[in-house]
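This report describes the architecture of a protein chain and its surroundings. It begins with the nucleic acid partner and then turns to the interior of the fold and to selected elements and residues.

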Amino acid sequence: MGENLVIVESPAKARTIGNFLGKDYLIKSSYGHIRDLSKENLGINIQKNFTPEYVIPEDKKQVVRELKKASSDARIIWLASDEDREGEAIAWHLSEVLDLDPEKTRRIVFHEITKDAIDYAIKNPRSINNNLVNAQQARRVLDRLVGFELSPVLWKKVRPALSAGRVQSVAVKLIVDRERAINAFQPESSYRIIGIFIHTDPDGQQSAFRAELSVRPEKKEEARKILEYCSDAIFTVTDVISKPARKSPAPPFTTSTLQQEASRRLGFSVAQTMSIAQKLYENGRITYMRTDSVNLSKTALAAAKQVISEEWGEYYSKTRNFKTKTKGAQEAHEAIRPTYIENRSITATRNEQRLYDLIWKRMISSQMSEALFEKTTVKIDISGRNEQFLASGEVLKFDGFLKVYSETVDSETDENGKGLLPPLKTGDKVIPENIDAIQKFTNPSPRYTEASLVKKLEELGIGRPSTYAPIISTIQKREYIVKQDRPGKKYTYIILSLTGGEISEESKTETYGAEKNKLFPTDIGMLVNDFLVEHFTEILEYNFTADVEKEFDKIAAGNIEWTQMIEKFYKPFHERVQRTTKVSKKPTGERILGNDPQSGKTVSVKIGKFGPMVQIGNAGDTDKPRFASLLKGQSIETISLEEALALFKLPRKVGEFEGSEIIVGVGKFGPYIRHKSVFYSLRRNQDDPLTIENQAAIEIIKAKRDQIQNKTIRKYTEDPDLQILKGRWGPYIRYNKQNYKIPKGIDPDSIDYEACMRIISKKK
DNA sequence: CAGTGAGCGAGCTTCCGCTTGACTT
C-alpha cells in the first residue's frame, strides 16, 4: 500500500483504472481543477506582470487535504490528468499545491481507458510541459480580464448583475444577428411546376411518376403560359442516366453531435442530455461524455466488428478510423461510445435507455459498410420548348449501415428523388395526368435551437464540450435570450392546376414559421449586444476566439511568452474599458414610433428601469407621461405604433361570470385575470390579454379551480389550514402557507392530524 | 404577490473550463 499514487480528473475514471492496475497503485481523483484565480478584485496582479493569484476554492479543500496525505505517503506520484491544455494545468497545479518532489513525480497520459493504453502510459512517463501550462494560464487570465472588466461596464451603463465574456457574448450575438436577419428578410416567390406523368410500357402496364420543370418562373403569368403550352404539348423521354451512389455512416458521437441528435430525435435539452449521459458514464455504461474526439480505441473497433459480423454478417462490417475536423479540438478522450459494445441494451431508466440506444446505434453504424443506391435521373422534353421536366429516383441496393441508423438533418428534405421510377427508355412518350404550378416562398435561416447553437459555436471554435450546456443556461439566466414557442404566421399562396386541358387557379392558406423551443433574443439582450459591438468590436467578432487560440498555440509551442501576449491584448483593451466607462452614454434602445392620435404626443419605446416599455409624451411635459410595459414576445425593435397604443387599454373588463366582472391586466408576474378578487394567470403562449374573450377567461377560472381540487389529497376537520397536497416531488404537508416534507417511512395516505402536527413542530 | 417609471445612494453582481454531488416545496 502507498507505493504508487495515481491522480486522475474524474472519480469514475479512477474506479475503472483501479481494475487495470494492481494493488500497488492507489487511484485518486482531483475532481477537475483544484485551484482557480481569486475572486477578489481581478485575481491577477497587473503591476507584477500579470501574476495570477491562485486560491483553493472552499469546496476543493477536502479533496486537496486527502490528496496531500496520499501523496506524502506515496513513493511515486503519477499525474494522469487529461492530455490537453486544461489537463496539463491541472497536473501543474497539483504538483504546486501538493508540493511534489520532481524526482518522485511522473506525468502520464492516456486517451483511452484500456489495459494496454494504461500500461503503455506507465512505461512512458514524461515531465510537465510548462509551455502548455502557460498557454492555459494565458487562456484563463484573458477570460478573467475580459469577463471582469467588461461586466462592470454593463452594471454602470445598463443594469446591475449583467455579464459579458469571450464566449457568452458571442453566443448572444449569434442569436441577435439571426433574429435581425429574419426580421429583415424579404421572401421572394417563384412557381414550382410539378407534373404527374403516366408511362405505358410495351405490355400496356401503366405507372405514374413525378417530375419537376427545370426552371421556376417568378411570375404567375409566366407559369400560366407554360401550363397553357403544356396542355397540348408532346412529352418525350430523352436522357435516362442510372448510376450507382453510396452513402457513408456518420462518425461516432462527440458531445456536440450527441446533443444535436438527442435534441432532434428524443427532444432532450442540451442540459438534459448531459445529465443523462453523466449517469450512464458513472454507471460504467458509456465512455466519457465531454469530448471533441471521434477516435475509437482498438478494442472498441474489434468489439464492434465482432458484434456486427455476428448479427448481420461480415459484409456489413467495415472498420473505420475517423479524423476530427473541428477547429481547436483537443482530443483528450475517445468518442462517446458504449463501454461494452456487446451490450445491445441496458437496464436503466427509460431516458437512459433511449440515450444509450442512440449512442450504441451511432457507434455500431460508424463501423458498418456504406449503403449502396442506384440513382436514376430522367429528362423529359417538351415539344417546341427549351425547358425540360426532370425526374429522379433512388433505389436502395444494399442497406449497409442504414440497417441500424441514419443521421437526421435539420432542413426539410426534398420530396423529389425518393422512391422508384418506372422503367423509362429514351424516346418513350409520356402523358401528363396533371401539372401544378405551386407558388413557393424563400425562407430565412431558421432560428437557433439549443443544439444548433452548440453546433455553430463548435464550428467557430468557441466554448468546449464541458461548457456548451452551461453557456446556454448562463445567457438565459441573464435574460439575454429566451427559449420559446411562437405561433406561426398565416400566408397565402397560389396553385395553378392543369387537368384535362383546363387550367384552374386556387389560393390556399397555410401557417408558416411556427417555432417550438427556439432561442430568441430579449430586448435587453439586443441592447447589451449592440453596446458591446459598438465599444468592444474586436472581442465580439466571431473569429476572436480563433485568433487568440492561434496565440495560445504559439505559447504552447514555446515561441512567445504568455505574459507578453496578454500585455499586448490588455493595454488597448483596458484603455477602451476606461474610455467607455467615462464617455459613453447609457443606452436605452429608444425608438420613436409616431404620435398618439388622441393627444398628438410622441409615442416611444425604450428599456426602462423595469424592462421594455412604451411611453406617451416626454418627461418635461406639463402632464406626466403615460407608461405601459411591453408584453412577453413583443420587442422594442419590432413593435408597431398600433400594438404599442393597444397596451394602454389594460386593465380592461372582459365580461362577467357568476355575477361578478372579469378584469384582465398585466402585473408583476405577467398577464392575469381577476375575478372576485382572485387572480388567475393567463395560459402561456395561448392567451393574449389584449384579445382574450369572456369564454376563454371562464375556462381558465374553471381549470384553476379543478387543479386546486386535484392537488388536494387530504383535508382535516380539526384544522382547515392543514392540508396534504400533491407536489412535484410527491405529497407534502401545507400548513399556514408553509410547506413541510413528509419523512420517509410515513405513509402519506394514512397520516393523521396528530402526526402532521408533530412533523410541523419538529421542523420549527 | 398582481406596479412601477424619481434628484439620497450601502454593497452586491461578473469570466471560462475542469469536475461531481446535495436536495429541492
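## Surface near DNA strand B

The model discussed here is predicted. DNA strand B is surrounded by 57 residues, and the closest of these are Ala 161, Tyr 288, Phe 610, Ser 629 and Val 666. By class, this surface has 21 nonpolar, 20 polar and 16 charged residues. Among the strand atoms within 4 Å of the protein, 49% belong to sugar or phosphate, and the rest belong to bases.

Two arginine side chains approach the phosphates. An N or O atom in the side chain of Arg 290 is 2.7 Å from a phosphate oxygen of DNA strand B, and for an N or O atom in the side chain of Arg 464 the distance to a phosphate oxygen is 3.2 Å. The bases are reached as well: a polar backbone atom of Gly 147 is 3.5 Å from a base oxygen of the strand. The elements that give two or more residues to the surface near DNA strand B are the helices α5 (130-157) and α9 (270-282), together with the strands β21 (611-616), β22 (626-629), β24 (660-667), β25 (670-675), β26 (678-681) and β30 (738-741). Helix α5 provides the largest share, with nine residues.

## Overall architecture

Chain A contains 20 helices and 30 strands. Its C-alpha atoms fill a box of roughly 95 × 80 × 70 Å along the principal axes. Of the 764 residues in the chain, 47% are buried. Considering contacts between residues at least 6 apart in sequence, 68% join residues that are at least 24 apart.

## Nonpolar cores

In soluble globular proteins, nonpolar side chains tend to be buried together. The largest nonpolar core of this model has 132 residues, and Leu 355 and Ile 364 have the most contacts inside it. Helix α5 gives this core its largest share, ten residues. The same helix also gives the largest share of the surface near DNA strand B.

Beyond its neighbours within four places in sequence, Ile 364 is in contact with Ala 304, Val 307, Ile 308, Trp 312, Ile 341 and Val 404. Another core, of 26 residues, lies apart from the largest one; Ala 233, Phe 235, Leu 424 and Val 430 are among its members.

## Helix α8 and its surroundings

Helix α8 spans residues 255-266 and has twelve residues. The distance from its first C-alpha to its last is 15 Å, close to the 16 Å expected at 1.5 Å a residue. Because nine of the twelve residues are buried, α8 is largely enclosed by the rest of the structure. The buried positions are Thr 255, Ser 256, Thr 257, Leu 258, Gln 259, Gln 260, Glu 261, Ala 262 and Leu 266.

The cover over these buried residues includes α9, α11 (350-365), α12 (450-459) and α13 (468-477). Just after the helix, Gly 267 takes a positive phi of about 70°.

## Residues in the covering helices

Glu 450 is located in helix α12. With a relative accessible area of 10%, Glu 450 is buried, because the cut-off for burial is under 20%. A polar atom of the Glu 450 side chain lies 2.8 Å from the backbone nitrogen of Val 270. Leaving aside neighbours within four places in sequence, Glu 450 is in contact with Ser 269, Val 270, Ala 271, Ile 472, Gln 476, Lys 483 and Leu 519.

Gln 353 belongs to helix α11. Its relative accessible area is 35%, so Gln 353 counts as partly exposed. Outside its neighbours within four places in sequence, Gln 353 is in contact with Ile 346, Thr 347 and Ala 348. Gln 353 and Leu 280 are 73 residues apart in sequence, and their C-alpha atoms are 9.0 Å apart in space.

## Thr 563 in helix α17

Helix α17 covers residues 562-583 and includes Thr 563. Thr 563 counts as buried, because its relative accessibility is 11%. Apart from neighbours within four places in sequence, Thr 563 is in contact with Asn 49 and Phe 50.

Conventions:
Residues are numbered from 1 along each chain as its sequence is written. Chains are lettered from A and ligands numbered from 1 in the order in which they are written. Side-chain values use heavy atoms; hydrogens and water are left out. A residue is near a molecule or strand if one of its heavy atoms lies within 4 Å of it. A polar contact is a pair of N or O atoms within 3.5 Å; within protein, one must be able to donate a hydrogen and the other to accept it, and residues adjacent in sequence count only if both atoms are side-chain atoms. Helices (H or I, at least four residues) and strands (E, at least two) are DSSP runs, numbered from the N terminus. Ala, Val, Leu, Ile, Met, Phe, Trp, Tyr, Cys and Pro count as nonpolar, Asp, Glu, Lys and Arg as charged, and the others, Gly among them, as polar. A nonpolar core is a set of buried Ala, Val, Leu, Ile, Met, Phe, Trp, Tyr and Cys residues joined through side-chain atoms within 4.5 Å. Buried means under 20% relative accessible area, exposed over 50%, partly exposed in between (1.4 Å probe, protein chains only). Contact means heavy atoms within 4.5 Å. The expected span of a helix is 1.5 Å times one less than its number of residues.
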